[in-house]
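Subject: Structure for your files

Hello,

Here is the structure I said I would pass on. My notes on it follow below.

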Amino acid sequence: MTKIERFRGRRLSNGSARIMVSMLREAGIRPETALAEAGLALADIERADGIVTGDQELRLERAFVERTRERPGLWLDVGFRYRLLSYGPFGLAILSARTVARAVEFAAGFHELAFTLIEYAVARDGAREIAGLDADLSSVPPEMREFMVARDLAAVRRLLDDMVGAPFPIQEFRAAIAAPADAARCAEALGAAVCFGAARTQFLFAPSWKRLEMPYGNPLLEETHERQCRELLAGIAVRSSEVERVLDVLVRCRGHWPTIDEICAKLGVSTRTLRRRLDERGTSYSSLVEDVRRKQAEELLRQTALSVEQIADSLGYAETASFTHAFKRWTGRPPSRFRRVAGGSPQRGHGFPLTGRIDG
């Protein structure tokens with residue numbers, strides 16, 4: 001599985017999405033249509049504990065790039081908004097490292113837990129000592145490369161500064177993208193010389209970094225957060241990008257369930273290929289539709305005053321008895337009892353009077 005496929009299949013904090021939405025608003029650009037293109041709503045971004053898929057993150061990044069391409073400096077500015085604690089266990093592992101060298105190694109070794117397709121490795125000098133970070137752009141789509149490099153120049157700068165609680169000594173930044181119109185401002189903002197048009201992207205440390213100490217280094221916490229990061233890495237890519245894309249479409253259907261052929265036409269993939277990849281993941285198109293139907297049924301029973309008959313109709317069931325039978329199979333109880341046990345606060349007027357069909 002490629003890097004981009006692994007990334008699309010991940011579950012991410014909505015922190016990066018929240019940063020992009022904030023930047024759009026500050027630039028006078030309404031974020032709603034960009035979010036819609038990513039299959040997201042403002043409610044998904046405003047939740048403090050919100051989760052997005054990697055595919056949604058990438059689609060929002062594309063929408064962000066399309067709307068800000070003519071805004072000089074905005075891509076660098078957005079990178080400075082990514083603080084070390086925004087990265088969850090990844091950031092905590094770096095922050096609690098016993099030494100700066102180990103923190104740098106964590107930053108490179110666990111980079112797949114960050115919000116980027118750029119892959120990082122520790123750069124070493126002739127004596128095999130740490131000299132900086134190397135960035136591999138091979139997994140970054142060409143049309144996204146300028147954005148991701150500019151954003152990461154600032155994001156890595158901020159990460160290193162947060163790591164030691166002071167400006168981290170950088171000798172030079174090398175960026176494998178053309179110099180932007182505000183190249184001089186980039187060097188000033190980053191606090192070091194920037195060589196654009198370089199053969200590869202690198203963050204070269206000044207020798208004085210070796211004298212730095214970690215202000216929050218803690219061996220016990222380091223071990224704990226390192227273990228969490230390794231467990232997270234082991235769990236990445238449990239689903240292919242096609243599965244995630246199918247689910248993203250289905251959760252917005254609300255009753256009209258497209259056939260698998262219709263889904264494939266929408267996603268630009270052959271039916272045979274999609275069936276094979278779903279089978280490799282131990283699922284099927286019918287199973288995915290059923291899972292989405294179940295979740296929507298539970299939501300409607302908890303949050304609306306719609307009758308069971310209305311909910312069955314809104315979810316595409318020709319007969320209420322078929323819906324009741326399916327719901328008992330999913331949850332072990334009929335819809336009416338589920339509603340009583342759930343004890344939600346029904347709100348009237350939140351129905352979705354649609355009909356649908358399924359062909360798995």
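Helices and strands here are DSSP runs, of at least four residues for a helix and at least two for a strand, numbered from the N terminus. On that basis the chain has 18 helices and seven strands. Please keep in mind that this is a predicted model.

Overall figures

The C-alpha trace spans about 75 × 45 × 40 Å along its principal axes. The chain has 360 residues, and 49% of them count as buried. Among contacts with a separation of 6 or more, 70% are between residues 24 or more positions apart. About 17100 Å² of the chain is exposed, with carbon and sulfur atoms supplying 49% of that area. There are 53 positive and 48 negative charges, and the mean positions of the two sets are 4 Å apart.

Confidence

Mean pLDDT for the chain is 87, and 91% of the residues reach 70 or more. Confidence is highest in strand E7 (residues 201–205), at a mean of 98, and lowest in helix H1 (residues 3–8), at 76. Outside that comparison, residues 345–360 stay under 50. The model still has 48 contacts beyond four places in sequence for this stretch. Where pLDDT is low, the predicted coordinates should not be read in detail.

Aromatic residues

The count of aromatic pairs comes to 14. One of them joins Tyr-87 and Phe-90 edge-to-face, at 5.5 Å centre to centre and with 90° between the planes. Both Tyr-87 and Phe-90 are buried. Phe-173 and Phe-203 form another edge-to-face pair, with centres 5.6 Å apart and planes at 80°. This pair links distant parts of the chain, since Phe-173 is in strand E5 (residues 170–175) and Phe-203 in strand E7, 30 residues apart. Phe-173 and Phe-203 are both buried. There is also an aromatic cluster made up of Tyr-317, Phe-323, Phe-327, Trp-330 and Phe-338.

Gly-50 and Val-52

Gly-50 sits in the loop between helix H4 (42–46) and strand E2 (51–53), while Val-52 belongs to strand E2. Is Gly-50 buried or exposed? With a relative accessible area of 6%, Gly-50 is buried. Val-52 is buried as well, at 2%. Apart from residues up to four places away in sequence, Gly-50 touches Leu-12, Ser-13, Asn-14 and Asp-44. With its neighbours within four places set aside, Val-52 is in contact with Arg-10, Arg-11, Leu-12, Ser-13, Asn-14, Leu-40 and Glu-57. As for C-alpha distances, Gly-50 and Phe-64 are separated by 19 Å and lie 14 residues apart along the chain. Val-52 and Arg-67 are 21 Å apart in space, C-alpha to C-alpha, and 15 residues apart in sequence.

Arg-128

Most residues other than glycine have a negative phi. Arg-128 has a positive phi, near 65°. Where in the chain is Arg-128? Arg-128 lies in the loop between strand E3 (119–124) and strand E4 (130–136). The residue is exposed, because the relative accessible area of Arg-128 is 58% and the cut-off for exposed is over 50%.

Regards

How values were computed
Residues are numbered from 1 along each chain as its sequence is written. This is a predicted model: local features need pLDDT of at least 70, side-chain atom pairs count only at pLDDT 80 or more; totals for chains, interfaces and linings use all residues. Side-chain values use heavy atoms; hydrogens and water are left out. Buried means under 20% relative accessible area, exposed over 50%, partly exposed in between (1.4 Å probe, protein chains only). Contact means heavy atoms within 4.5 Å. Accessible areas come from the Shrake-Rupley method with a 1.4 Å probe; for residues, only the protein chains shown count as cover. Lys and Arg count as positive and Asp and Glu as negative; His and the chain ends are not counted. The place of a charge is taken as NZ of Lys, CZ of Arg, CG of Asp or CD of Glu. pLDDT is the predictor's confidence in each residue, from 0 to 100. Rings of Phe, Tyr and Trp (its six-membered ring) pair if their centres lie within 6.5 Å; planes under 30 degrees apart count as stacked, over 60 as edge-to-face and the rest as tilted.
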